[in-house]
Amino acid sequence: MIPWLTLLAFSPLVGVLLLSLVPSDRVKLLRCIGIAASLLPLLLAFFIYAYVNVEGQGSSLTERYNWIAIPLNIEAIQPYVQSWAFEIDYHLSIGGLSLPLVVMTAIVTAMAAWASLTIKQRVKSYYIWFLLLEVGMLGVFMARDLFLFFLFFEWTLVPMFFLIGIWGFAKREKAANRFLVYNGLGSALLLVAFLILTVTAGLAVHGDAGASSHLVYSGDLEQMIRQLGDAQSFVNTLPGPASSFNPFYLSEAWRATAFILLLIAFGIKLPIFPFHTWMLRVHVEAPTPVVMLHSGVLLKMGAYGLIQFGLAILPQSFASWSTVLAIIGLVNIVYGALLAYVQKELRLLLAYSSISHMGFVLLGIAAMNDIGLQGAVLQMVSHGFISALFFLLVGCLLERTGTSRIDELGGLANRLPFLSALLLLAGLASLGLPGLSGFMAELLSLLGLYGQLPWAAIAGGLGIILSAVYVLRGVLAITYGPLDMRFAQLKGTQAVEALPAVVLTFAIILIGVLPAVVTIPIEQGIERMIHIIQAGR
Amino acid sequence: MESVYAQYVWAVPIAPLLAFLVLTLMRCVVKGSAAFIGVGSSLIACVLSILILLERLSASTNVYTVNVEWLSFGAVHFELGYELTNLNALMLVIVTVVSTLVNLYAKGYMADDERQTVFFAYIGLFTFSMLGLVISPNLLQLYIFWELVGVCSFLLIGFWYERPAARAAAKKAFIMTRIGDVGLLIAILILFWHMPNHALDFQSIGQVFASVDTMSQYGISAGLATWIASLIFLGAIGKSGQFPLHTWLPDAMEGPTPISALIHAATMVAAGVYLVARTFDIFQLSQTAMLIVASVGGFTAIFAATIAIAQRDMKRILAYSTVSQLGYMMLALGLGAVTAGIFHLFTHAFFKALLFLGAGSVIHAVHTQNIFQINGRGRSMKITAWTFAIGALALSGVPPLSGFWSKDAILSAAWESNKLLFAIGVVAAFLTAFYMSRLFFIVFTRAKRVHTEGTDSPIHESPAVMTIPLVVLAVLAVVAGFVYTPFYSGFETWITGVAASDHTNVIVIIVSTIVALSGIGLGYFIYGPNGVREDRWSNVIKPLYHLVERKYYVDELYKLFAVYPLKVLGKVLDVFDRYIIDGIVRYTASCTVQFGKLFTRIQNGQLQSYGLLSLYGFSALLLLLLLLGKGLW
């Protein structure tokens, strides 16, 4: 049995290894290795996508090894069980919501690696950090153990910190600091939440009941979902006195605490208003290929975590808070849209538009049904491609004009027809034009939400008007209108730049025309999740 | 009889789609033959749709549906496909005929434009989307194409992207129609959750909303039906430029004139009327919704007609006329006269496309759209002038041209159900005749006055490639009306599927004829070759004239009550975000730092201060112990 998932997650390390062997002045070779190394996980991801779909088993691929076992004070519990330990498993799986997100990550990363040709300084260390970041991102979307997930989640912070801080624009260091501190805070909350969950619901008896059994604390996701889903039999499996070592399990107060911690921790990443200010700086200060990853993939980690490690574990809490989630989503949508409408800097406009779009993910989650969740995942994937395309184009724009301020640009369609056309297409995708990926995502989110909270879905429709308002304002101001004389000499788009843009455009159109490419692989996972939600009611 | 051509309905939209793909993806290869590809593809679609229409006229009246599963999970089963009804078949012919003629016309009109390929590609995409809309078997697919025609309209309005006016108009068109679109979207959300099996196809809708009984049987209350119908109508208001979302349509005239003829006169703007007709079952069950449709339609008809009287831009006059005529169609639908509404859509498509193309022909020659600058210079363009006259007469409702018959059908329906709406219809008809004669006489007959600026170079007739479509459309504008006269109701039976009686109403015929002729007469009196000067009468009613000339200040009201508040709110929130939200974050961060600094100061490396601190600490501990009262030893 070949460990495909491990190969996928760690395949970028091949590139890291090769890069470290090449002297840092061989820039061309370094770039080739960097790009080639990002193609490796892309190929593997495609292979796995094809494999899983041909086999027709959404969660067939899974890898699990015992990894860390920390023995606990056995004397305290001696007569009842043989051993007592805290274990972390190395557990990867492509089921649940993972597959489309993994494929999206691999595509966006490869395109961002290609777009990194604009990076001129310290290419070697850039690509090393870049590939390390990819490992973290892929790992996040496949980990099935709370602590493994947490490790990958943290892993992404370090390369990201350096990528922003070294290769960013003028205020890069401040932005990198802000990023690290804010996300570190989120991670701390996440860790607390995970510890609460493990201590309260992560206890299980392995082996036969009685004196020869093993009592294990673990952050195994499947086990936790199972145990919380069927509380009574969970209690029954524990040896009588063991419950005294586990005084919190199932308590309402701890459940609510864990929920709120998770909401804030993932909410910072998502981001949820008012925890969004850190990402504005990253959008403006980080180099554009890194923003492609940040806006395209890293924000999705928050949304993904919220569903896979929040909703699945604590469905009751989500159900009783669904109205609040919907309101937060609506606030995100409207707040982001209004702010995007008045921005003068295109990158800030896009940052606020991300906040607005992530609101639809929250609406989809608040729907608590398969339609809404499908919509949420579609929105994650779709927004990943759209914002990656946007920032790729912004990068090309910055290369040429040196500015991405809306009020300084204008009439670029004349000199840069290809780039302008794609910018317009990205804009249309972003405002939810049918035939492009954003439409079905937003439709399903609202459709699902209407089944649960009709008023919220109708209010969400407002977001669809507002997105047209701010997207067209920004995109048309840049591409349409009379050409400024300063830009009369701009060079047209080159094939090298065009390639990743074409790939991303193709993905956007493909999902728009055939949304089933995203919905089918996650159908089983979502069905299970709905089952859990309904059982919890 | 077997349906031979009906099974190839899918090929009708595919032909223009292929044209679009070829023109977009192989732009460099096909550069020279863009117009050829455009005309060819639409001609194929046109021939096929005519064959389909003929087949349906001769025999089968059953609905022909094909569906393919598109997206399916859980309760969601979205399908794509096509459906052929008599109404659809008629719409297919309208769209493809106008599209073919406009493609042909554009070959001449856009001959000098270097972005011709893009232009024909966009037209291909539009024609595909419009045909896809027409043959949609369910509301979701209709919505998809509804949005796509909207975006094509947007792209083509902004075709000359370097003009700031075109940019503004394109943006406005998209946003204004989107406000309506959201209404339609919400209607879809409601229907999805209340229809049995979450069905969104028109046949199921027809079954559920067949009567009040079936509706309540499926648990849909009358109030809900009113909401659904009204929300669908909101979509139609946006697309068909009805009050109060009409402001985008006149601005849309910034686009190339062939586009105005195709999209903003004949086809897309009529999609709203088509939508209401297609979902008419829902409307029929709600008196309130019907009243809303009729009132909005009637009001728009008269409202836009008054504006058209005082405009100076040739295309804008026609645009307001379109808004007014679409209001007429809505009025008909609101009165329950679906056939009359569709019939007016049918005739209007031809004569309004004709008028726009005629206007384009003049504009192409004289390079201005201001009628007072044209000032009779259109006279030397014989074919354009004559065909334009035919179009104008048809629009004014002069018998026996097509516009007369369709207007008559609407007015007879109004006469029977609502005399107030009848009166509104008559006044609107009078105004229509008046502004059309004003337009015609100023552009084509006025004596040349010396003071007009611009060159007095001779004006030539447009090339044949542009005049042929004019002639064809002129013929259609004359004959299209005989499909459905007061004396022959086969058309109504064919469209609705219910046997209908003739609607001969002599009073209405006489009234509408008199009204049309008197409107033209008044126009001739004021604007004819020997007419009085315009300012003479406009001075008499100056405030009113000014109000109409400024389009009742609707744009200004939107600016005041929607655009500015949004901008101000955004700005306020921007400050809030920057200084309050981010301020709190910064403050928290700096607090932490300050706190840290406080304790850094203690670690200053001086032995004395450490000693002092230890002493303080020791005393504090002692004090604590004493206070707790446990004693020292």
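# Exercises: salt bridges, helices and a surface patch

The side chains of Arg178(A) and Asp582(B) form a salt bridge, with N to O at 3.1 Å. Keep in mind as you go that this is a predicted model.

**Exercise 1.** Work out which helices the pair Arg178(A) and Asp582(B) connects, and which network the pair belongs to.

*Solution.* Start with the location. The pair crosses between chains: Arg178(A) sits in helix H8 (residues 172-201) of chain A, and Asp582(B) in helix H26 (residues 554-602) of chain B.

Next, check the cover. Buried means under 20% relative accessible area. Arg178(A) comes in at 13%, so it is buried. Asp582(B) has 7% relative accessibility, so it counts as buried too.

For the total, look over all chains: the structure holds 16 salt bridges.

Now bring in a pair within chain B. Glu83(B) and Arg278(B) form a salt bridge, their closest N and O atoms being 2.8 Å apart. This one ties together distant parts of the chain, 195 residues apart: Glu83(B) is in strand E2 (residues 76-84) of chain B, while Arg278(B) is in helix H12 (residues 271-278) of chain B. Both Glu83(B) and Arg278(B) are buried.

Last step, back to where we began: through salt bridges that share partners, Arg178(A), Arg281(A), Asp582(B) and Arg586(B) are joined into one network.

**Exercise 2.** Arg347(A) and Glu345(A) also meet in a salt bridge. Decide for each partner: buried or exposed?

*Solution.* The side chains meet at 3.2 Å, N to O. Take the arginine: Arg347(A) has 8% relative accessibility, so it counts as buried. Then the glutamate: with a relative accessible area of 12%, Glu345(A) is buried.

**Exercise 3.** Take helix H16 (residues 338-366) of chain B and compare its span with the expected one. Where does H16(B) bend?

*Solution.* Count first: the helix has 29 residues. From its first C-alpha to its last it reaches 41 Å, close to the 42 Å expected at 1.5 Å a residue. Then look for the bend, and you'll find about 30 degrees at His348(B).

How many residues of H16(B) are buried? The count is 27 of 29, so the helix is mostly covered given the under 20% cut-off for buried. Just after H16(B) comes His367(B), with a positive phi near 60 degrees.

**Exercise 4.** Do the same for helix H14 (residues 287-310) of chain B.

*Solution.* H14(B) has 24 residues and spans 36 Å between its first and last C-alpha, close to the 34 Å expected at 1.5 Å a residue. For cover, 18 of the 24 residues in H14(B) are buried, and the helix is mostly covered.

**Exercise 5.** Put secondary structure onto the two stretches of chain B that UniProt lists at residues 70-120 and 136-432.

*Solution.* UniProt (unreviewed entry) gives residues 70-120 as "domain: NADH-Ubiquinone oxidoreductase (complex I) chain 5 N-terminal". That span is 57% helix and 25% strand, with its end C-alpha atoms 29 Å apart. For residues 136-432, UniProt (unreviewed entry) has "domain: NADH:quinone oxidoreductase/Mrp antiporter transmembrane". Here the chain is 78% helix and 0% strand, and the end C-alpha atoms are 34 Å apart.

**Exercise 6.** Which residues make the nonpolar surface patch of about 800 Å²?

*Solution.* List them: Tyr8(B), Trp10(B), Ile14(B), Leu18(B), Leu21(B), Leu25(B), Met26(B) and Val29(B). Then zoom in on one of them. Ile14(B) lies in helix H1 (residues 11-25) of chain B. With 31% relative accessibility, Ile14(B) counts as partly exposed. For the spacing, remember that an α-helix has 3.6 residues a turn, so residues three or four places apart point the same way.

Methods
Residues are numbered from 1 along each chain as its sequence is written. Chains are lettered from A and ligands numbered from 1 in the order in which they are written. This is a predicted model: local features need pLDDT of at least 70, side-chain atom pairs count only at pLDDT 80 or more; totals for chains, interfaces and linings use all residues. Side-chain values use heavy atoms; hydrogens and water are left out. UniProt positions are given in the numbering used here, feature names are shortened, and annotations may be inferred rather than shown by experiment. Helices (H or I, at least four residues) and strands (E, at least two) are DSSP runs, numbered from the N terminus. Patches are made of residues with over 30% relative accessible area and no salt bridge: like charges are joined within 9 Å, nonpolar side chains (Val, Leu, Ile, Met, Phe, Trp, Tyr) within 5 Å. Accessible areas come from the Shrake-Rupley method with a 1.4 Å probe; for residues, only the protein chains shown count as cover. A salt bridge is a side-chain nitrogen of Lys or Arg within 4 Å of a carboxyl oxygen of Asp or Glu. Buried means under 20% relative accessible area, exposed over 50%, partly exposed in between (1.4 Å probe, protein chains only). The expected span of a helix is 1.5 Å times one less than its number of residues. The bend at a residue is the angle between axes fitted to the seven residues ending there and the seven starting there.
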